[in-house]
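Visitor: I would like to go through this structure one contact at a time. Please keep the reasoning short and end each reply on what was asked for.

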Amino acid sequence: MISVLYLGAIDYATGLRLQQRLVELRKEGQVGDVLLLLEHAPVITLGRNAKARNIVASPEVLAQREVEVFECDRGGDVTFHGPGQLVGYPIFDLRGFPAKDGKRKTLGVIEYVRRLEEVLIRTCADFRIPAKRISGLTGVWTDHEIEAKIAALGVHISRGVTSHGVALNVNTDLSYFNLIIPCGIESKPVTSIEKELGKRIPLEEVANSVSRNFGQVFESQVLWLENLNDLLGPVVGVPLKTPDDLRRIHKEDDTAWA
């Protein structure tokens with residue numbers, strides 16, 4: 001069972017604190033696997049492998065555009081989160097998912113990352129956007145002559161429990177990516193569902209697609225919850241049905257990837 005919470009727009013610091021608390025609860029067995037879906041106010045994040053020089057905008061320009069900067073413990077380099085981008089934070093205990101590669105009993109980091117990419121590829125297909133992986137690069141790219149990055153990925157795993165996750169550009173203002181060298185890759189552009197289709201798509205519609213594909217790829221039932229309290233109380237919700245009125249909320253053996 002994967003419990004899904006759609007939180008709407010929250011600032012990055014709040015999202016980070018929420019992840020950290022849910023990771024603690026997941027390790028203690030007080031909650032099950034959780035998928036947070038949300039969007040952030042404009043923010044640039046630097047992963048464990050980030051190079052500061054990949055932020056090309058000056059502090060003055062960042063302040064003018066009201067873009068925050070955060071260092072975090074996910075894998076990967078520099079990326080941007082902002083309005084119109086759907087961010088997914090899976091808080092999963094990988095020991096509960098059997099591996100299919102025959103090399104181990106439970107899901108490992110590489111297979112987990114490949115599954116996240118598969119979720120995003122299937123979501124793009126739901127909107128008739130051909131997407132693919134590129135060997136040697138992490139994330140999801142449009143399958144055109146000029147390959148463009150439509151989704152970024154960076155994860156952290158501690159004692160088998162995941163945090164951070166994926167970011168899919170839906171109606172994102174792509175000019176924000178001019179402030180950085182996205183993931184340290186200068187040779188490929190960034191795109192969005194809106195740019196590919198020539199029209200805006202409601203973020204909630206994409207969230208529903210993402211949650212459904214998480215269920216299929218991770219072979220789990222998906223249950224939409226109304227609020228965070230439902231995680232700690234009796235389970236309430238209807239599988240694969242988006243609630244009509246979702247409330248918004250305003251080092252061990254660690255592994256980072258991407």
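Visitor: How far from the centre of the ring of Tyr176 is the charged end of Arg65?

Guide: This is a predicted model, and side-chain atom pairs count only at pLDDT 80 or more. A charge sits over a ring if CZ of Arg is within 6 Å of the ring centre and within 35 degrees of the ring normal. The charged end of Arg65 sits over the ring of Tyr176, and its distance from the ring centre is 4.1 Å.

Visitor: How many aromatic pairs does the structure hold?

Guide: Rings pair if their centres lie within 6.5 Å. By that cut-off, the number of aromatic pairs in the structure is nine.

Visitor: Is the pair of Phe92 and Phe97 stacked, edge-to-face or tilted?

Guide: The two ring centres are 5.6 Å apart, with 35° between the planes. Planes under 30 degrees apart count as stacked and over 60 as edge-to-face. The angle for Phe92 and Phe97 fits neither class, so the pair is tilted.

Visitor: What kind of pair do Phe92 and Phe218 form?

Guide: Their ring centres lie 5.3 Å apart. The planes stand at 75°, and an angle over 60 degrees is needed for this class. The pair of Phe92 and Phe218 is therefore edge-to-face.

Visitor: How many residues apart are Phe92 and Phe218?

Guide: Phe92 is in the loop between strand S6 (85–91) and helix H3 (109–126). Phe218 is in the loop between helix H5 (203–217) and strand S11 (222–224). The pair links distant parts of the chain, and the separation is 126 residues.

Visitor: Are Phe92, Phe97 and Phe218 buried or exposed?

Guide: Buried means under 20% relative accessible area. Phe92 has 0%, Phe97 has 4% and Phe218 has 2%. These values fall under the cut-off, so Phe92, Phe97 and Phe218 count as buried.

Visitor: Which residues form one aromatic cluster with Phe92, Phe97 and Phe218?

Guide: The cluster takes in Phe92, Phe97 and Phe218. The other members of this cluster are Tyr112 and Phe214.

Visitor: Which residue has a side chain joined to that of Tyr112 by a polar contact of 3.5 Å?

Guide: The residue lies in strand S10 (residues 161–169). Its relative accessible area is 0%, so it is buried. The side chain in polar contact with Tyr112 belongs to Thr162.

Visitor: Which strands stand at the edges of the open sheet S4-S3-S5?

Guide: Three strands form this sheet, and the pairing is mixed. Two of them each have a single partner strand, so one side of each is left without a neighbour in the sheet. The edge strands are S4 (68–71) and S5 (78–81).

Visitor: What is the bridge partner of Ile44 in S4?

Guide: Strand S3 (residues 43–46) and S4 run parallel and are joined by four bridges. In S4, the partner of Ile44 is Val69.

Visitor: Which residue has a backbone nitrogen that the side chain of Asn227 reaches at 3.1 Å?

Guide: Asn227 is found in the loop between S11 and helix H6 (229–232). With a relative accessible area of 19%, Asn227 is under the 20% cut-off and so counts as buried. The backbone nitrogen reached by its side chain is that of Asn229.

Conventions:
Residues are numbered from 1 along each chain as its sequence is written. This is a predicted model: local features need pLDDT of at least 70, side-chain atom pairs count only at pLDDT 80 or more; totals for chains, interfaces and linings use all residues. Side-chain values use heavy atoms; hydrogens and water are left out. Rings of Phe, Tyr and Trp (its six-membered ring) pair if their centres lie within 6.5 Å; planes under 30 degrees apart count as stacked, over 60 as edge-to-face and the rest as tilted. Buried means under 20% relative accessible area, exposed over 50%, partly exposed in between (1.4 Å probe, protein chains only). Helices (H or I, at least four residues) and strands (E, at least two) are DSSP runs, numbered from the N terminus. Two strands pair if DSSP finds at least two bridges between them. A polar contact is a pair of N or O atoms within 3.5 Å; within protein, one must be able to donate a hydrogen and the other to accept it, and residues adjacent in sequence count only if both atoms are side-chain atoms.
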